[in-house]
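Let's walk through this one as a set of quick bench-side questions. Have a look first, then read on.

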Amino acid sequence: MKTLWQHCHVATMAHGKYSIIEDAAIVTAGGTVHWIGPRSEALVGEGVAIIDLGGAWVTPGLIDCHTHTVFGGNRSGEFEQRLQGVSYAEIAAAGGGIASTVRATRAATEDELFISARKRLASLLRDGVTTVEIKSGYGLDLASERKMLRVIRRLGEALPVSVRATCLAAHALPPEYKDRADDYIAHICDEMLPALAAEGLVDAVDAFCEYLAFSPAQVEKVFLKARELGLPVKLHAEQLSSLAGSSLAARYQALSADHLEFMTEDDARAMAAAGTVAVLLPGAFYFLRETRLPPMDALRQHGVAIAIASDLNPGTSPALSVRLMLNMACTLFRMTPEEALAGATVHAAKALGLGHSHGSLEVGKVADFVAWDIERPADLAYWLGGELNKRVVRHGVEVTAGELTRG
């Protein structure tokens, strides 16, 4: 069964540009884009369903390529404390920070984690997201990481969204391994990753390379194990200091290196040569009131693909809107609306290893798109908050409001 979606304008986002087709039509079949072009050239045969999009602007479905959607507890109290002058270090010393989320996540049942995460994920979907990456990393032991990854898989089965699961066991040092970081890394490599990969719960492996987390040498051990298991890698790098983590990621042909406020031009060169995507996270930059910008000129000069994501997490970016991240990318990082939209579509797909199938509207790619009631594509980065009127199509089928609450 083919469907002709017509009376629209399309920003295909091919090659990272708007690549606009005015007065366009899209033919979908079998969940993919069968044809796309000017409406005057569309061939309509018998048995083709025709849907009028009322002059909407169509873009690829938004892709949130870095989230921590599954977690237990709530850290709004810590946010309030920081605004009252309590430092992050003081909060952490009192048992807060990531440690508090780890305790809450370990204590929660799988159903409890699923129910809370579904609400957060539904907010992203109402914002036009059709593909999302979700990381583990608040369990920090085999049973709890498994529980998180099972919830991540379950979310992808229950809701109309494509979900990629990333194992971030090397996120922080669990309390039972205090002052024994090397032992914990060995546990991840020898027991956790092999078991979780064997169960089919992992699409990629991530780590946090920072002075307050894990060293480049420790991260490299995780990368070596991931390579042995046939899993691609990603990396939280250069958020708070320059440790050349992004260059390490590039040496292992990482899908992406994320945050990157402290990366150097040498890091940018390495990432460009490896095809590693720079994932910028303006929500965390804003929420932590950071002042050091990612090196945008170096990224552009060396041709590094730049993605944008929400970094949805309880401590540093409780962001429920990718469109708000587009605006922040423009206002905080001085990106253009076109660059920002490419960052949440075609470059975000590449950051998930899905560049061949997602992220732009081209023949043969998955038919995930959003028909927006807007005047021009830049509106997606212009409006602050609220829900823009839209119709969301996933795999060639329009998503209904009821599908966001099922499961």
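Q: Is Arg 106 buried, exposed or partly exposed?
A: Buried means under 20% relative accessible area, exposed over 50%, and partly exposed in between, with a 1.4 Å probe and protein chains only. Arg 106 has a relative accessible area of 25%, so the label is partly exposed.

Q: What should you know about the model and its numbering before going on?
A: Residues are numbered from 1 along each chain as its sequence is written, and side-chain values use heavy atoms, with hydrogens and water left out. This is a predicted model: local features need pLDDT of at least 70, side-chain atom pairs count only at pLDDT 80 or more, and totals for chains, interfaces and linings use all residues.

Q: Which residue meets Arg 106 in a salt bridge?
A: A salt bridge here is a side-chain nitrogen of Lys or Arg within 4 Å of a carboxyl oxygen of Asp or Glu. For Arg 106 the N to O distance is 2.8 Å, and the partner is Glu 176.

Q: How many residues apart are Arg 106 and Glu 176?
A: Helices (H or I, at least four residues) and strands (E, at least two) are DSSP runs, numbered from the N terminus. Arg 106 sits in helix α3 (residues 98-107), while Glu 176 is in the loop between β7 (162-170) and α6 (181-198). The pair links distant parts of the chain, 70 residues apart.

Q: Where does Glu 199, the salt-bridge partner of Arg 146, lie?
A: The two side chains meet at 2.8 Å, N to O. Arg 146 belongs to helix α5 (residues 142-158), and Glu 199 is in the loop between α6 and β8 (204-209).

Q: Is Glu 375 buried or exposed?
A: Glu 375 pairs with Arg 376 in a salt bridge of 3.8 Å, N to O. Arg 376 is partly exposed at 44% relative accessibility. Glu 375 has a relative accessible area of 61%, so it counts as exposed.

Q: Which residues do salt bridges with shared partners join into one network?
A: The count of salt bridges comes to 22. Those that share partners make one network of Glu 110, Asp 111, Arg 150 and Arg 154.

Q: Why do the residues of the "binding site" annotation gather at one spot?
A: The unreviewed UniProt entry puts this annotation on His 66, His 68, His 236 and Asp 311. UniProt positions are in the numbering used here, feature names are shortened, and annotations may be inferred rather than shown by experiment. They span 246 residues in sequence, yet they gather at one spot because no two of their C-alpha atoms are more than 12.4 Å apart.

Q: Which residue shares a polar contact of 2.7 Å with His 66?
A: His 66 lies in the loop between β5 (62-64) and α1 (76-83), and is buried at 0% relative accessible area. A polar contact is a pair of N or O atoms within 3.5 Å; within protein, one must be able to donate a hydrogen and the other to accept it, and residues adjacent in sequence count only if both atoms are side-chain atoms. The side chain that joins His 66 this way is that of Asp 258.

Q: Is His 68 buried or exposed?
A: His 68 is found in the loop between β5 and α1. Its relative accessibility is 2%, so His 68 counts as buried.
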